[in-house]
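Please read the sequence alongside the three-dimensional model before turning to the commentary. The paragraphs below are meant to be followed with both in view.

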Protein chains: 2
Amino acid sequence: MTLHAVPPEGYRILREGDLRDYLAGIPAAATRLGGPPEGWSISEVGDGNLNLVFIVKGASGGLAVKQALPYVRLVGESWPLPLSRSHYEYLALTNQAKLAADLVPAVLHHDERLALVAMELLEPHIIMRKGLVAGTTYPAFVDHITTFIARMLFFSSDLALPAAQKKEAIAAFAGNHALCKITEDLIFTDPYRVAEQNRWTVPWLDATAAKFRDDLELHVAISRLKLKFLSSAEALLHGDLHTGSIMVTARETRVIDPEFAFYGPMGFDIGAIIANLLMAYLASSGHEREPGARRVFEAWVLETVEQVWGEFARKFLELWRGEAAGDAYPLSLFSGEAGAARLEAERQAYMARLFQDTVGFTAAKIIRRILGLAHNIDFELIEDPKMRATCEARSLRLARALMVDTASFTTIGAVTNAARTARDWQPEF
Amino acid sequence: MTLHAVPPEGYRILREGDLRDYLAGIPAAATRLGGPPEGWSISEVGDGNLNLVFIVKGASGGLAVKQALPYVRLVGESWPLPLSRSHYEYLALTNQAKLAADLVPAVLHHDERLALVAMELLEPHIIMRKGLVAGTTYPAFVDHITTFIARMLFFSSDLALPAAQKKEAIAAFAGNHALCKITEDLIFTDPYRVAEQNRWTVPWLDATAAKFRDDLELHVAISRLKLKFLSSAEALLHGDLHTGSIMVTARETRVIDPEFAFYGPMGFDIGAIIANLLMAYLASSGHEREPGARRVFEAWVLETVEQVWGEFARKFLELWRGEAAGDAYPLSLFSGEAGAARLEAERQAYMARLFQDTVGFTAAKIIRRILGLAHNIDFELIEDPKMRATCEARSLRLARALMVDTASFTTIGAVTNAARTARDWQPEF
C-alpha cells in the first residue's frame, strides 16, 4: 500500500533554479506570482524536521512550495521516509478546503511525482508558537481553531458519514503508516524507555526522566493511549496539530502541514492543541523580563484552554444536532420528545468520554516534548537552563497527573486549575 | 473501493452443467474429484441467504463450490449485493488457513471473476445449529472454537502485528462495506425500530417487540455498540460467527462462510458464539419430548458457554505472553520483574474490558434473531408457537439485561446464572 517507498521515476530534489523553471510551466502558479519568472525571488526556508519549503514571490503574489524529501530532513538519508506523505497531505488539504476553506492555505498545485504541493503564501502570518513565546495573545484563535477541529472531526466521523464512505476514507489514508509510526514511537513509546534519540534538560531533569522510565502506572496509561491511537478509527485527524502547525495574525488563523493525517481517535487532535497551550502557559514565566510581567498573557492562555474545549464541544454538538447524516446513533431510534431528550443526554455522555481521551492525549503530547526527541521553542528559547528545567518539570508534573488520574479530570476547569497549581510548584533540583 | 459492484466482464451465474465443464478445466478440482467429469454428481444445496452452494462428488472425493450472486438470494434481484464478498471470503479463508488450517475448509480454487470459491467437501460434518436443535453435545467444540477465535483475533490485532501491516490489512478489507452494512442495519438498528423486514412470533411477542422499540436505555446501549462496530478496528473478524457458520462432527469443528470479514471489535465474534449457545440453551425446552428430557444437553450448553469465554481468554493471554510482536503494549515499557507483573495485571484488565464488549455484543446477536429479519432454527423449529414465543421471550429478557446492565456482568458465571434464571421465568402472555 505504501506509495513511493522508493523514489518514483521522475522524482528529483528541486533546487531554487529548477523550481523557477518548474513553476513557470504551471499556469496557476505563474499567474499567481505574476511578471517574468526571472523576477521571482525564491528562498528555501524550511525549518521543520521533514521537508523542503520554498517561499516564492513574484510581481503580483506569493507561493509556498513544499517538497517532501525521501528522508527525514533533520536526520538525513539514514532515516528514510516515504514521499507518499505529500500525497496524504494533499488529500487532507483538499478535504480541509471543502470543510473550512478560510482556515487552511489554498492549494494551487500538486505534483504527485515530485511529492510537491504549491500553496498560497500566508503573509504576514507567523507560526503561532513564535507568537506565544513572545507573549502575544490571539483573540480570534479560539473561534477559528474550534471551528476547524469541530468540522474536521465531525464531518469525517460516523456521526456524519455513511459507513461505506467512512471505510473508503480510512482505506485512503491507511498507507500513511510511516508517518503514524513516527508518532507511535516518538510520542507513545520512546519517552518512557531508554531510547537513543531522547533528550532532556540535563542535569536537572535526569531524575525525573529516570522516574518516568520506571513509572509503571504511567506506562500502562500511555500503552492504553497508544492502543487507542492504533485501533480507534474515529475521525480523520490532522495528526500533528501543535502550535507550530498553526499560522496566525491578530485576525486570521490557518492550519498547515497535515502530512500526518490518518483515521484515529478524535482526542488526539484536541489534546494536541490543549497540550501546546498548556506548555505555552507553563513556559511563560521562563520568558518574563520581570516577575509577573506576563500574567495577562498567561491568564489569556488558560482562558483559551478552557474555551478551546468549551467552544469545540459546543460546535461539535451543534453539528451533531443539525447535520447528523452518518450511520451512528440513528435518529429513528430516538424519536419523539423522550427520544430526543435521551439522545441529547447521550450526546453529553459521548462528549464526556471524548474529554477523557483528550485529557490523556494532552498529557502524552506534553511529555514527548520534554523527554523525547522533538522539543518546543516554548521551552528551548528559555535561556537559563535551570529556569527551563523548572518550567519543564512543572509541565511533566501536570502531565503525569493528567495521564494517570485522567478520571479525576471531568471538566476543563479541573485541568486549568491543575495547571495553575503546577505553575506555583517549585521543583527541588 | 467496491470491487464488482456491477457484475464484471466474465461473470455468469453457473448452472450445474456449466459447473461440470468449469471444474473439469481446473486441475486441482478435477484431481480431487477423480474419474471422468460425466461421473460427477452435482447438486445445488445452498440454504443460506446469500449464495449458490454446489456439492460436487466424484470417484475419489468431493468439493463444495460457493458462488456469490449479485443480489441477496433470499430476497432476489431487488436487493443487490456486490460479488466482491467472494473476494473477501477468499482473503479471510486464506488468512484462517495460515493460522488454523485444521479448523477451516481447505480452499482448492478461487475465481475472482466468477466470484467463486471451491473448497474441500466437509463430510460427514453437519451445521452445528442443527445438531444443537437435536440436542447433540460436541465435546471437542470448546477447544476448537476457542483456538480459532483466540488465534484469529490475536494474530490480526495490534498485539501481534506491526502497525503498518495492520493498517494494510484494514485497508484490504475496507471495501467489504456492503456486508458490514447488512450487520449495521439488521443487528444494530432495525430490531429497535419499525422496519418492514422485522418479524417476530405473533401475537405473543407483539408487546415485547413494541417495548423494545420504545426502550430508550436499550437504544442508547445498542447505539454505543454500533459505534464500536463502526469505528473500532481491533482485529480481523469472521463477522458472522453463529452456529450456522460452524460445521461439526463429534471430533471435528470447521468454521465456514467468512464473507462478512472486516476489521472490527473483537467482542463481536466472541459474542456471536456465546449468543448462539445461549439461544440453543433457551430454545432447548421447546424441543423436549418430555419435561426435563434435555437437561443434560442444557447443562452441557451452559458449561460450554463458560468454557468458551474461559478457554478463549486463557489461550488469548497465552498468545499475548508468548507471541506479542505488535506495536501495542511494547515489552520495553514493562521490563524487570515489577514491569512483568504490572503488564500481566494490565492483560487481565484488558480481558475484563473485552468481556464487557462481549456481553454487549452477545445481547445484540440474540435480539436480532428474535425481533429482526433473520431468525434461527433453534426457535423456528419449535412447533408450538406459544412455546416458541416463551423461549424467545426468555432470551429477550436475558439479552436486555446483558445489554443495559452490562457492567454488572463481570464474569461469565454471572451470564450463565442469568441464563438459568431466564429459563425458569414464565412470561405472561
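What follows moves from the relation of the chains to the nonpolar core, then to a sheet and a helix.

The model is a predicted one, and its symmetry is a convenient place to begin. Chain A can be superposed on chain B with an RMSD of 0.0 Å by a turn of 180° combined with a shift of 0.0 Å along the axis, which is the relation of a two-fold axis. The same surface serves both copies, in that 100% of the contact residues of chain A recur in chain B.

The largest nonpolar core comprises 275 residues, and those with the most contacts inside it are Phe173(A), Leu278(A), Phe173(B) and Leu278(B). For Phe173(B), when residues up to four places away in sequence are left out of the count, the residues touched are Tyr88(B), Leu236(B), Ala261(B), Phe262(B) and Tyr263(B).

In chain A, an open sheet of 5 strands follows the order S1-S2-S3-S7-S6 with antiparallel pairing. Its edge strands are S1 (41–44) and S6 (107–111) of chain A, each of which pairs on one side only, and neighbouring strands of the sheet are turned by 15° against each other on average, direction ignored. At one edge, S1(A) is joined by 4 bridges to the antiparallel strand S2 (residues 51–57) of chain A, with Ser41(A) standing opposite Lys57(A) in S2(A). At the other edge, S6(A) pairs with strand S7 (residues 116–120) of chain A in the antiparallel sense, likewise over 4 bridges, and the bridge partner of His109(A) is Ala118(A) in S7(A). S6(A) and S7(A) form a hairpin with 4 residues between them, and in the turn Ala115(A) has a positive phi of about 55°. Helix H1 (residues 16–24) of chain A lies across S1, S2 and strand S3 (62–68) of chain A, and runs at about 130° to S1(A).

Turning to chain B, helix H5 (residues 141–155) has 15 residues and reaches 21 Å from its first C-alpha to its last, close to the 21 Å expected at 1.5 Å a residue. Because 12 of the 15 residues of H5(B) are buried, this helix is largely enclosed by the rest of the structure. Among the buried residues are Phe141(B), His144(B), Arg151(B) and Phe155(B). The cover over the buried residues of H5(B) includes helix H3 (84–100), strands S9 (235–237), S10 (246–248) and S11 (253–255), and helices H10 (266–284) and H11 (295–323), which belong to chain B.

Note on methods:
Residues are numbered from 1 along each chain as its sequence is written. Chains are lettered from A and ligands numbered from 1 in the order in which they are written. This is a predicted model: local features need pLDDT of at least 70, side-chain atom pairs count only at pLDDT 80 or more; totals for chains, interfaces and linings use all residues. Copies are superposed by least squares on the C-alpha atoms of residues with pLDDT of at least 70 in both. Two residues are in contact if their C-beta atoms, placed from the backbone, lie within 7 Å. A nonpolar core is a set of buried Ala, Val, Leu, Ile, Met, Phe, Trp, Tyr and Cys residues joined through C-beta atoms within 7 Å. A residue is buried if 20 or more other C-beta atoms lie within 10 Å of its own, exposed if 12 or fewer, and partly exposed in between; C-beta atoms are placed from the backbone. Two strands pair if DSSP finds at least two bridges between them. Helices (H or I, at least four residues) and strands (E, at least two) are DSSP runs, numbered from the N terminus. Axes are lines fitted to C-alpha atoms, for helices over the stretch in contact, and angles run from 0 to 180 degrees between N-to-C directions. The expected span of a helix is 1.5 Å times one less than its number of residues.
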